[in-house]
Amino acid sequence: MIHANGDYLKLPGSYLFSTIAKKVAAFTEANPDKKVIRLGIGDVTQPLCPAVIDAIHKATDEMAAAETFHGYSPDLGYQFLRETIAEKVFRPLGTDITAEEIFISDGAKSDSANIQEIFAKDTKIAVCDPVYPVYVDTNVMAGRTGTYDETTGLWSNVIYMPCTAANGYSPELPKEVPDLIYLCFPNNPTGATISKAELQEWVDYANKNKAVIVYDAAYEAYISEAGVPHSIFECEGARDCAIELRSFSKNAGFTGTRLGYAVIPKDLKDADGVSLHALWARRHGTKFNGAPYIIQRAGEAVYSEEGQRQTREQIAYYMNNAKVIYDGLKSAGYTVSGGVNAPYIWLKTPDGMTSWEFFDFLLEKANVVGTPGSGFGPSGEGHFRLTAFGSYENSVEAMERIKAL
Ligand code: MLT
């Protein structure tokens, strides 16, 4: 065997969003006259806000002079950004996360993919179903997910926690105890949230069972309702069981510039008493040479007064799109959820269509791109995700086209 791990070969031929991109490219090539509206991948469309652009210009100018030039970034991140995050993000939430517990990276996708590296080969993972595909795919690549059942689409050594309309898209505590639990709220793909009291139950469960929670909070900036936690560290005892992943992509439009961070408390140890903070620092320092200085300065500017005002305006813009999509689908007779605390709208496919059948139908008949629910896991079958990250005009037009079907 010359390839890394035979399990790779049982994964779909390409990553979900690459498969969609290929299908859309084939469609546009065959239909060059059609205007395709892309509401598939959760990629932002609004330009970076002025406060961020100013910071990028300023930092770029610094790079042009020998006295202020910056070479390799510190592998764990510049202190100015780590301190800003601790003070502007975590202190207002009443948490005691410190700058030293924040590891700057090139984005939450990388962190959510790489974090499994600090866990043992026989680690048992639990995931929501449907789920952001990176969590399962990377554990498959690490060879810890058992055998694949082509009929069910399930891996034998993964605990799936179905999130369906029946349970309000909120996972139940698993009976079989996992070592590592992936949670993402506000959720990608369903847009669902859980209350602080519900999240506290997860923290208590993890502490009782010596499990670790990887909490993906990439969409926290979209929370509009009170009582929805912005960070797992708002819960008592989370420092003993949780890692949190954050992104600048969705709260400030950094999908093209890349910036994110992981929070790993110093107190966090695995079941054998090994410090996960120390392991991640070792891994990060070895495999990552630091996010670029210019982009870390841009990230710092997100937390300036203007940066906060301007990025909140962008979030409001996208959430207005979410309302347009949600209301448009409802009035077209679809069963819809999400879109209130998240930029994702989750709908049931009509007439018993499979997710991929509906993908093709929507692309061909309305020239609108979405994401098939089954791409996120077996429980996503019969569902479909649309994102609010397009332009307002395209969101309105997409709804008009869907209503006309
Ligand atoms: C998505 O569409 O689910 C997101 O774009 C994924 C990501 O941020 O990597």
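Which residue forms a salt bridge with R246, and how far apart are the closest N and O atoms? Select E220 and R246: those two side chains form the bridge, with the closest N and O atoms 3.2 Å apart. (A salt bridge here is a side-chain nitrogen of Lys or Arg within 4 Å of a carboxyl oxygen of Asp or Glu.) E220 sits in the loop between β8 and β9 while R246 is in strand β9, so the pair ties together parts that are 26 residues apart in sequence. Helices (H or I, at least four residues) and strands (E, at least two) are DSSP runs, numbered from the N terminus.

Before you click on, some ground rules. You're looking at a predicted model, where local features need pLDDT of at least 70 and side-chain atom pairs count only at pLDDT 80 or more, while totals for chains, interfaces and linings use all residues. Residues are numbered from 1 along each chain as its sequence is written, and side-chain values use heavy atoms, with hydrogens and water left out.

Stay on that first pair and switch on a surface. E220 counts as buried at 14% relative accessibility, and R246 is buried too, at 4%. (Buried means under 20% relative accessible area, exposed over 50%, partly exposed in between, with a 1.4 Å probe and protein chains only.)

**More salt bridges**

The salt-bridge count comes to 14. Next, pick R239 and D96, whose side chains meet at 3.3 Å, N to O. R239 lies in the loop between β8 (212-216) and β9 (242-247), and D96 in the loop between α3 (79-90) and β2 (102-105), so this pair ties together parts 143 residues apart in sequence. R239 is buried, with a relative accessible area of 18%.

Now jump to helix α12 (residues 392-403), where R401 and E397 both lie, four residues apart, about one turn of the helix. Their salt bridge has its closest N and O atoms 2.8 Å apart. R401 counts as buried at 18% relative accessibility, whereas E397 is partly exposed at 25%. Then go back and add E101 and D267 to D96 and R239: salt bridges that share partners join these four into one network.

**The sheet**

Switch to cartoon and find the open sheet of seven strands, ordered β2-β10-β9-β8-β7-β3-β6, with mixed pairing. (Two strands pair if DSSP finds at least two bridges between them.) β2 and β6 (158-162) stand at the edges with a single partner strand each, so one side of each is left without a neighbour in the sheet. Zoom in on β6 and strand β3 (residues 125-129), which pair in the parallel sense over five bridges. Select A126 there, and you'll find I159 of β6 standing opposite.

**Rings**

Colour the aromatics: the structure holds 23 aromatic pairs. (Rings of Phe, Tyr and Trp, the last by its six-membered ring, pair if their centres lie within 6.5 Å; planes under 30 degrees apart count as stacked, over 60 as edge-to-face and the rest as tilted.) Try F358 and F384, an edge-to-face pair at 4.8 Å centre to centre with 85° between the planes. F358 is in helix α11 (residues 355-366) and F384 in strand β15 (residues 383-387), 26 residues apart, and both are buried.

For a bigger selection, take Y219, Y222, Y317, Y318, Y344 and F389, which form one aromatic cluster. Keep Y344 on screen and add R385, which lies over the face of Y344 at 3.9 Å from the ring centre. (A charge sits over a ring if NZ of Lys or CZ of Arg is within 6 Å of the ring centre and within 35 degrees of the ring normal.) Last stop: R297 lies over the face of F80, at 3.6 Å from the ring centre.
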